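The following exercises concern a ligand site, two sheets and an aromatic pair. Each task is followed by a solution in steps.

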Amino acid sequence: MGLQGERTAKWYRRASEVLVNGVSSQFRYWSDDDTLVIDHGEGGHVVDMDGNRYIDYQLGFGPIILGHGDETVASAVAEAAAAGTTFAMTQRREVEAAEKVMEALAWADVMRFTNTGTEATMHALRLARGLTGRDLVVKFEGAYHGVHDYVMFSTASAPPGELGPRDQPKPVLSSKGIPAAIQDYIRVVPFNDLPLLEALLDSEGERVAALMVEPMMGNAFGFMPDEGYIEALRSLCDRHGALLVFDEVKTGFRMAVGGAYEVFGVAPDIGTYAKAIANGFPAAAIATRGQVAGGWRSGGIAQAGTYSGNGVGVAAAKATVERLLTGEPLARVEKVGKALMEGLGRILADHGVEGEVTGHPSMFSIFLGEGEAREFRDTARHDAKLYEDLCMRMIRRGVMPCPDALEPWFVCAAHTDEDVAKTLEVFEKSLGEALEAR
Ligand SMILES: Cc1ncc(COP(=O)(O)O)c(C=O)c1O
């Protein structure tokens, strides 16, 4: 029996008549009887078409940081919607929102808005290539940077067994429909392995426009960088004249209001932000320093978008970032996240399960396998079957993480202490059952 109740199943059939597989984004499709249709969200919860309520740890794949339907954001958006949203000119709300974003991102001088993370990373790479006159981009295995052709290689959906020898990794296409020749412009390396990256840059560094990195692996178990790793990436880029691009689509305004710069003290040349910047509304940003922005200023490197800086997105961004700048929401996220990470880890140990809770309190995962896990290739040792069974049992009890452990649990400021207590209780019960059923 799938997750759908009677009404949800009806809605799913209705959805499937008009939306391919009943979804608008393939990651939302689980199976024909497990794909849920949501009626609404409230704080840290979502409610499906049967009225079933779930503590939501998917949070739309990360954007919800204040809580679903946050009142301050909703009223800022309503006001903006009524004022007209899209003009062929810069608008007041766009300037106000950009000022807030710049206040949060201490390392950056200027920015431009886009709507999605995909657009932001695409423009960041074009800016880096246009500015350096070089073509190659280096990315990490297991990292997802959106769906445009230049980054759909060796993402978290690549089978770890197909990545080639560790010291000679090959970019594995993550989708059909991408010209094979694009592969020539991308190099991949395992995360947290400095010698391999150094060797790559020693041989091809002068052709590398950008090193694109998620400062923690937000699409692969939330693996954190080793001590000093991010600093080392900065100096390698400087040595080889490549731009360091932080893809902070997931980490930005979540890990810390100032993003990875605040956590690691390292500034990128370009940063991309989306998701938590606007608590679920479509807004994204490409931030940079004056010198790099010169690439756009002087023309010749195309950047555009009809809806970039639209009134609804920027009103949401301003209201969200303003709240985050008070420090309160992320202090709450950290408290809840820490309690969950500690509690889940304790329960694993009590049940004698090999594994660990990986990541950061704002987004973490559960690795079920032997030994230490720090990069994508280690995920081959994760017991995905046990984890999925455990998650499906949790979801039936009203606690909803993503059943694929690559995708972290996300925490928002609206999650309550009762949510934490219920989650730990449900996790323990479900783990016991899943272990028995193994
Ligand atoms: C790190 C990272 N970059 C880029 C993207 C793409 O963002 P979007 O889905 O808004 O296009 C994602 C989406 O999950 C992401 O996690």
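**Exercise 1: The ligand site**

Determine which side-chain atoms make polar contacts with the ligand, a polar contact being a pair of N or O atoms within 3.5 Å.

Step 1. In the side chain of Thr 118, an N or O atom is 2.6 Å from an oxygen atom of the ligand. The model is predicted, with local features requiring pLDDT of at least 70 and side-chain atom pairs pLDDT 80 or more, while totals for chains, interfaces and linings use all residues. Residues are numbered from 1 along each chain as its sequence is written, and side-chain values use heavy atoms, without hydrogens and water.

Step 2. Asn 219 places a polar side-chain atom 3.0 Å from a ligand oxygen atom. For Asp 247, the partner is a nitrogen atom of the ligand, 2.6 Å from a polar side-chain atom.

Step 3. The protein buries 83% of the 390 Å² that the ligand exposes when taken alone (Shrake-Rupley method, 1.4 Å probe).

Step 4. The residues surrounding the ligand (a heavy atom within 4 Å) include Thr 116, Tyr 144, His 145, Glu 214 and Lys 275. This shell comprises 2 nonpolar, 6 polar and 4 charged residues; Tyr counts as nonpolar, Asp, Glu, Lys and Arg as charged, and Gly as polar.

**Exercise 2: The two sheets**

Establish the strand order of each sheet and identify its edges. Strands are DSSP runs of E with at least two residues, numbered from the N terminus, and two strands pair if DSSP finds at least two bridges between them.

Step 1. One open sheet has 7 strands in the order 4-10-9-8-7-5-6, with mixed pairing. Strand 4 (110-114) and strand 6 (186-189) each have a single partner strand, so one side of each lacks a neighbour in the sheet. From one strand to the next, the twist averages 20°.

Step 2. Strand 5 (residues 136-140) runs parallel to strand 6, joined by 4 bridges. Here Phe 140 stands opposite Val 189.

Step 3. The other open sheet has 4 strands in the order 1-2-3-13, also mixed. Its edges are strand 1 (38-42) and strand 13 (399-400). Strand 1 pairs antiparallel with strand 2 (residues 45-48) over 4 bridges, and His 40 faces Val 47.

**Exercise 3: An aromatic pair**

Classify the pair formed by Phe 191 and Tyr 229.

Step 1. Rings of Phe, Tyr and Trp (its six-membered ring) pair if their centres lie within 6.5 Å; planes under 30 degrees apart are stacked, over 60 edge-to-face, and the rest tilted. The structure holds 10 such pairs.

Step 2. With 5.3 Å centre to centre and 80° between planes, Phe 191 and Tyr 229 are edge-to-face.

Technical notes: A polar contact is a pair of N or O atoms within 3.5 Å; within protein, one must be able to donate a hydrogen and the other to accept it, and residues adjacent in sequence count only if both atoms are side-chain atoms. Axes are lines fitted to C-alpha atoms, for helices over the stretch in contact, and angles run from 0 to 180 degrees between N-to-C directions.
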